[in-house]
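Q: I'm new to this one, so could you walk me through it?
A: Gladly; here it is, and then we can take it topic by topic.

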Amino acid sequence: MVGTKKGAFILTADGKRHNWEVSGPHFAGWEMYHLKGSPVEPNRIYASQTSGWFGQVIQRSDDGGKSWATPDGVPAPVPGEFPKGESNKFVYEGEVGTHKWYDGTQHPWEFKRVWHLEPSLTDPDTVYAGVEDAAIFKTVDGGKTWKELPGLRVAKGHLWQPGAGGMAVHTILLDPKNPNRIYIAISAAGAFRTDDGGKTWWPINRGLKSPYELPDPDAEVGHCVHRIAMHPSRPGVLFMQKHWDILRTDNAGDQWTDVGGNLPTDFGFPIDVHAHEPETIYVVPIKSDSEHFPPDGKLRVYRSRTGGNEWEALTKKACRRRIAT
Amino acid sequence: MIRVVLPFHLRNLARVDGEVQLEVIGAVTLRSVLDMLEARHPVLRGTIRDHITLKRRPFVRFFACKEDLSLEPPETRLPDEVVSGTEPFLIVGAMAGS
């Protein structure tokens, strides 16, 4: 599934990934921040559709993306039951509170959009939503209604400050071995973890160093984490692409270690783990925070098969072809 | 019948072609028309006005009879031509917001 600023696309391959069918654009003309299927019911897909004009819309498909509907927007088949149109209603719990603004003053939290939708590993109607301004919401009714897990913003939220790209929960990772453990990452705030199903959270940023972005390079919060990734077979091992630096943790975020190694530059945005090899990870190096293009103008995925430190550019033709598809 | 013209994306969201026709009981105001529109098409809730405050979204504007009604209070009565159905009430995705 591919989300773009112009709509969403669903790419379906044959078993060998030689032939692909592309459907879309779905929701043409809308920004699609995320689409993700339920692991327990793969034809159930949730999508975050947003617009500077018309705000947030949540869409759901129950047939693998052939048809879509807002979960609480269309009349139910039961006579007398009327939808409330609340599947796009994201309201912060209790006192809205404030976070740090660009000028250092405190600024109220304002909902803008959903960046990440993470369906539960066990229940197709339960989904977590990572939103901007940074917070996490949960639905247990298939996206009809959403409720904030406010404990996250208690984790020093008043010190979080938006970066140039805003301040959003852009990554949510569910621990497949411990249903009470969730990791999230926020641009310009850092990574956080809960071990009680989302009631309480704390920063997991020890080992991150941001000498060019923060007055205290080792601050507990404020690091600009771009992405974190996990292999489901080893949920205590995480990989991180920070603004600068690639890092890993082997103890669920209690301590991070730099594994940028021989990369030409360790600035970048995405990071991911191979589906079947937990020590194989991928990044796309970008020249710098000031020059957002790949080194030498060549877009290259770099791979480490050693969980970091030793990296190789995937430049062979076969690899390029695979990446292109 | 009140005739409401929606912008392209909201027509798609509400799954309507052309104008929406609404029967509004009582005074025909900005608020009563939008209330009825959202009651008929709940999917539009939150896309034109905020769910809680009912404040117009900054890049949505309301036009009728060549007048911009966007900044008028919600209780503002719509022109007679809109009430009689001779002129439509336009909800527009704006070029500039406020």
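**Strands, contact and confidence**

A: A place to begin in this predicted model is strand β15 (residues 190–194) of chain A, which pairs in the antiparallel sense with strand β16 (residues 202–203) of chain A over two bridges.

Q: Who stands opposite F192(A) in β16(A)?
A: That is P203(A), which lies in β16(A) and faces F192(A) across the pairing.

Q: And how many bridges link β14(A) and β15(A)?
A: There are five bridges between β15(A) and strand β14 (residues 182–186) of chain A, and this pairing is antiparallel too; within it, Y183(A) has R193(A) of β15(A) as its bridge partner.

Q: What joins β14(A) and β15(A)?
A: The two strands form a hairpin with three residues between them, and A188(A), which sits in the turn, has a positive phi of about 65°.

Q: Is β15(A) mostly covered or uncovered?
A: Mostly covered, since five of its five residues are buried.

Q: Switching topic, how many residues does each chain bring to the contact?
A: Chain A brings 18 residues and chain B brings 15 residues. On the side of chain A that touches chain B, the largest share, three residues, comes from strand β6 (residues 55–61) of chain A, and by class that side has seven nonpolar, nine polar and two charged residues.

Q: What confidence does the predictor give the complex?
A: The complex has an ipTM of 0.94 and a pTM of 0.94, while for chain B the mean pLDDT is 95, with 98% of its residues reaching 70 or more.

Definitions and conventions:
Residues numbered from 1 in each chain as written. Chains lettered and ligands numbered in written order. Predicted model: local features only at pLDDT ≥ 70, side-chain atom pairs only at ≥ 80, totals over all residues. Contact = placed C-beta atoms within 7 Å. Helix = DSSP H or I, 4+ residues; strand = E, 2+ residues; numbered from the N terminus. Nonpolar A, V, L, I, M, F, W, Y, C, P; charged D, E, K, R; others polar. pLDDT = per-residue confidence, 0-100. Buried ≥ 20, exposed ≤ 12 C-beta atoms within 10 Å, placed from the backbone. Pairing = 2+ DSSP bridges.
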